[in-house]
Amino acid sequence: MDRVDSSADDSALDDGDVPELSEVAVPKHLATSIVASGANTNARRLSSVGQDFNYPLDLHTFPVSHLSERTRRPSVIRADSGTETIATIASSLKDSVPPTRTQTFESTTAILNQTRPLQYEESPAVTDQVARKQNRRSVIQFAALCWCFALEGWNDGSVGPLLPVIQAYYSVGFSVVSLLFVSNCCGFIIGAGANVWLNERLGFGKVMILGSLFLLATYVIQSPVPLFPALVVSFLFAGFGMSLQGAQANGFVGSLKKNKSPKLMMLHASYGMGAFCSPLVATQFSQARHWSFHYIISAGIAVSNTVILCAVFRFKRQEELLMEIGQEPSEDAFTTTPTSVNLYQQIFNIRVVHLLAVFALIYVGVEVTIGGMPQYGWIVTFIIRERDGGAAAGYISSGFFGGLTLGRLALMYINKRIGEHTVVFIYVLLSIGLELTVWFVPSIIENAVAVSFVGVLLGPLWPILVGHGARVIPAYLFTACMGLITGVGMAGSAALPFITGILASKYGIKSLQPFLVAMMCTMVGLWALIPKTRRIA
């Protein structure tokens with residue numbers, strides 16, 4: 001036979017050719033070594049290395065069965081392989097193509113970015129148990145905040161019926177008794193400014209408890225009928241404590257991702273409930289000899305409020321408490337500022353904060369002045385002086401706050417259906433119409449009904465303001481901004497009644513209604529300037 005060409009030894013065997021071979025011709029002097037290495041799994045092809053082609057090769061038949069499986073199967077596509085061989089091998093290897101050079105040398109950063117963390121799937125029983133625990137904790141936290149707001153409503157609704165008694169006991173007129181409003185206003189303003197710094201240094205839980213302690217101190221001072229200057233100081237403490245608690249509670253509920261709008265309505269409805277119940281009790285004490293004993297009841301509620309806040313929130317920050325109920329913080333919640341001064345600068349640079357603050361100031365002032373709400377109750381005085389109402393006129397405050405509570409609960413569907421931003425215009429315009437009837441219709445019954453319906457319409461406005469603020473203010477500044485907005489707003493609860501007292505001293509209490517109508521018209525103009533969505537520069 002002719003000599004075998006060495007290039008033939010380097011070519012790979014095709015899988016399709018293997019079954020057809022029964023024996024292979026190999027050099028005689030290599031047969032023994034091939035047979036001996038037939039079981040060697042590293043043998044891939046017949047090699048001609050070390051052969052001397054100067055002498056003729058004697059070939060003899062060699063059984064294919066002596067070759068190992070790995071030897072008979074091709075593993076490399078040679079340059080001289082046929083088209084069918086390449087197609088066959090490519091088909092067998094298509095599911096295990098090794099990474100290309102580009103894939104192998106990807107940057108470490110790109111590889112890390114493509115990796116995903118391991119996901120550990122818990123059993124359904126464990127997941128349900130954790131969810132139930134988080135929901136239960138969320139309900140407890142929300143109930144504690146509602147009780148806190150009920151105390152604030154109780155505080156605000158009590159002085160309206162007691163205001164004539166305070167004037168008579170201390171023998172002071174409208175101008176002097178308005179110092180209570182000025183003191184309360186200062187307390188709210190100081191609390192609004194301090195809330196930003198306190199929230200940054202102490203956190204949610206500690207600030208809430210601090211506010212509750214100031215409210216408790218208020219009632220301790222008021223219970224024994226102190227001197228008038230001490231009474232003025234107590235209203236300063238009340239304003240400071242309520243400013244801290246209101247800002248923190250609104251910021252906490254406004255930061256929730258689940259059921260935020262309904263919870264804001266229910267939170268402020270609890271305020272209305274406290275303000276509804278308080279005049280019922282305060283009116284009874286206003287006809288008693290020891291009228292200041294009403295504040296003993298208030299002190300007892302304040303003690304329970306402090307104990308509940310300590311037990312539920314445990315002096316923790318808002319971020320920790322939200323994680324306990326299964327809510328991860330938003331992306332911009334991690335944004336930090338190096339100093340508190342820088343934080344103040346960021347807040348004051350947001351235009352919508354100023355608009356919301358002024359709107360809140362006028363809204364709360366109008367609400368207070370109409371409903372006899374915080375410590376001011378001019379509507380009660382108006383009914384007594386202009387409509388010849390008796391001491392029972394104090395129940396009109398309860399009607400207003402009953403409507404306030406009902407509106408915050410019953411109008412949630414309408415708010416969602418129409419849109420919270422649009423519905424504010426409707427509610428305020430209807431309130432203006434009702435207030436005109438109080439102005440021009442000399443009927444105690446009609447005035448009382450109209451005041452109650454004004455409460456229904458004005459009730460949802462404050463929760464809507466808080467929820468809208470959460471949409472247009474950055475998350476990491478929301479609680480601090482709400483402190484400023486709430487503080488300025490509650491300052492309006494003192495400023496507008498103070499202005500009302502000055503006007504009443506000069507023009508009589510009949511000046512109340514035109515002043516309220518003018519303030520409501522201003523609210524409509526301000527709300528038109530507030531954007532619907534957050535504007536990012």
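Y413 lies in helix α19, where helices (H or I, at least four residues) and strands (E, at least two) are DSSP runs numbered from the N terminus. The model is predicted: local features need pLDDT of at least 70, side-chain atom pairs count only at pLDDT 80 or more, and totals for chains, interfaces and linings use all residues. Residues are numbered from 1 along each chain as its sequence is written, and side-chain values use heavy atoms, with hydrogens and water left out.

With a relative accessible area of 58%, Y413 is exposed; the class requires over 50%, buried means under 20%, and partly exposed is in between (1.4 Å probe, protein chains only). Together with I414, I418, I426 and L430, Y413 forms a nonpolar surface patch of about 460 Å² accessible area. Two or more patch residues come from each of α19 (412-418) and α20 (420-440), and α19 contributes the most, with three. Such a patch joins nonpolar side chains (Val, Leu, Ile, Met, Phe, Trp, Tyr) within 5 Å, each residue having over 30% relative accessible area and no salt bridge, that is, no side-chain nitrogen of Lys or Arg within 4 Å of a carboxyl oxygen of Asp or Glu. Areas follow the Shrake-Rupley method with a 1.4 Å probe; for residues, only the protein chains shown count as cover.

In the interior, the largest nonpolar core (buried Ala, Val, Leu, Ile, Met, Phe, Trp, Tyr and Cys joined through side-chain atoms within 4.5 Å) has 121 residues, and I166, V366 and I473 have the most contacts inside it. Helix α7 (residues 124-170) supplies the largest share of this core, 14 residues.

The protein chain has 24 helices and two strands, and 48% of its 537 residues count as buried.

Conventions:
Patch = residues over 30% accessible without salt bridge, like charges linked within 9 Å, V, L, I, M, F, W, Y side chains within 5 Å.
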